[in-house]
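Biologist: I am new to reading protein models, and I would like a close look at one part. Could you take me into the nonpolar core and the pieces around it?

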Amino acid sequence: MANIHLVMAAVVVVLLVSLSSTSTSASASAISTKQQKQSLRFSEKGEFRILQVADMHYADGKTTPCKDVLPQQFEGCSDLNTTAFLRRIIAAVKPHLIVFTGDNIFGLDAKDAVYSLNAAFSPAVSSDIPWAAVLGNHDQESTLSRAGVMKHIVGMKHTLSQFNPPEVDNIDGFGNYNLEVRGVEGSAFENKSVALFNIFCALGRGKLKDLAQYFVLRAYKNKPEAQEAPAPGLAYFHIPLPDFASFDSSNFTGVKQQGIGSASVNSGFFTTMAEAGDVKAVFVGHDHINDFCGELAGIHLCYGGGFGYHAYGKAGWDRRARVVAASLEKTENGGWGGVKSIKTRKHLDNQLLTAVDAQVLWSH
Ligand SMILES: [Zn+2]
């Protein structure tokens, strides 16, 4: 039932064309004021890396066994293997943002949701790296409601997760927000958002399109300095859109080993993004043993691939995580311009954290 959408859009600009109502403008500026307090920024090397962690399915820790691992891996395997993988991948990738795309905990097996959430996110919290999360369809099956889970997450250390935009009262679900990434400190883009992340989480299907329009079609003319052209954006959420079923192995990179677990009703969210034009890639979880990326109408639709050891998987098929790396353009005078390219790859949880399936999602 949950349609969770986390969108990351990037950069600045755009104008939303004809959203003329003043209340919409007021909402957009309220959001941008909040965003300015955030500190996401391209590095001095003009890079911004995002680590996606899909479907940890964390429960009680050491006593919660692994699922679908090889017989020789089973003994002693628990949620702590998920924690160990998260620590290693954070240390190896050194992301600037970690995004958890839902089913962070597996509520049915979690005795205490607060304990499980704290344990599941602890490697992110202790890394001091900003992180964001949305809910999946299993996060609320323990001792907290969906609202309760999201409230708890929002109160955790170093998170940029938000409950919902305070000025919008008709959003279904919890955990809908945008995050912006600004240019390199000291550059001409210092105060411009180079990337803007919209995180959508919605329970109801009917309002999904409205929600998409609210986030995607919003003005990027943010203060203090607006840009004049749109920039590429990214969207992160839990459940794949029906449009993920548009691919076969001839036109995607990665694997499809199970059906697309999307909602049966097409909310029009994809069409909304395609028409707006700024969102270049969408990242989801939910189907743990799919990890492909395929391009449809200029938008890459990507799975993260299952991360957690208590989540169902496929024995012998390594747990994995997806990394997105955005790079800025170098200007003639040696400064930094807008986003030049967005690439992705996955890392497997083997000894070498082997990188696979590198591909370019967008380039300028
Ligand atoms: Zn899951």
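Modeller: Happily; we will begin with the whole chain, then go into the core, and then visit a helix and two loops.

This is a predicted model, in which local features need pLDDT of at least 70, side-chain atom pairs count only at pLDDT 80 or more, and totals for chains, interfaces and linings use all residues. Residues are numbered from 1 along each chain as its sequence is written.

The chain has seven helices and 14 strands; helices (H or I, at least four residues) and strands (E, at least two) are DSSP runs, numbered from the N terminus. Of its 364 residues, 51% are buried. Here, buried means that 20 or more other C-beta atoms lie within 10 Å of the residue's own, exposed means 12 or fewer, and partly exposed is in between, with C-beta atoms placed from the backbone.

Now to the core. A nonpolar core is a set of buried Ala, Val, Leu, Ile, Met, Phe, Trp, Tyr and Cys residues joined through C-beta atoms within 7 Å. The largest one holds 79 residues, and Leu51, Val53, Ile98, Ile105, Ala281 and Val282 touch the most other members. Helix H4 (residues 113-127) gives the most to this core, with six residues. In soluble globular proteins, nonpolar side chains tend to be buried together.

Let us follow Val282. Leaving aside neighbours within four places in sequence, Val282 is in contact with Ala235, Ile299, Leu301 and Cys302; contact means that the two C-beta atoms, placed from the backbone, lie within 7 Å.

Helix H4 also leads us to helix H5 (residues 146-154), whose buried residues pack against H4 and strand E4 (131-133). In H5, Val149, Met150 and Ile153 are buried. They lie on the same side of H5 because they cover an arc of only 95 degrees around the axis, the arc being that of the directions from the helix axis to the C-beta atoms. An α-helix has 3.6 residues a turn, so residues three or four places apart point the same way.

Finally, the loops. Ala297 lies between strand E10 (293-296) and strand E11 (299-303), and has a positive phi of about 50 degrees although it is not a glycine. Ala297 counts as partly exposed because it has 13 C-beta neighbours inside 10 Å. Leu353, in the loop between strand E13 (336-348) and strand E14 (355-363), likewise has a positive phi of about 50 degrees without being a glycine. Most residues other than glycine have a negative phi.
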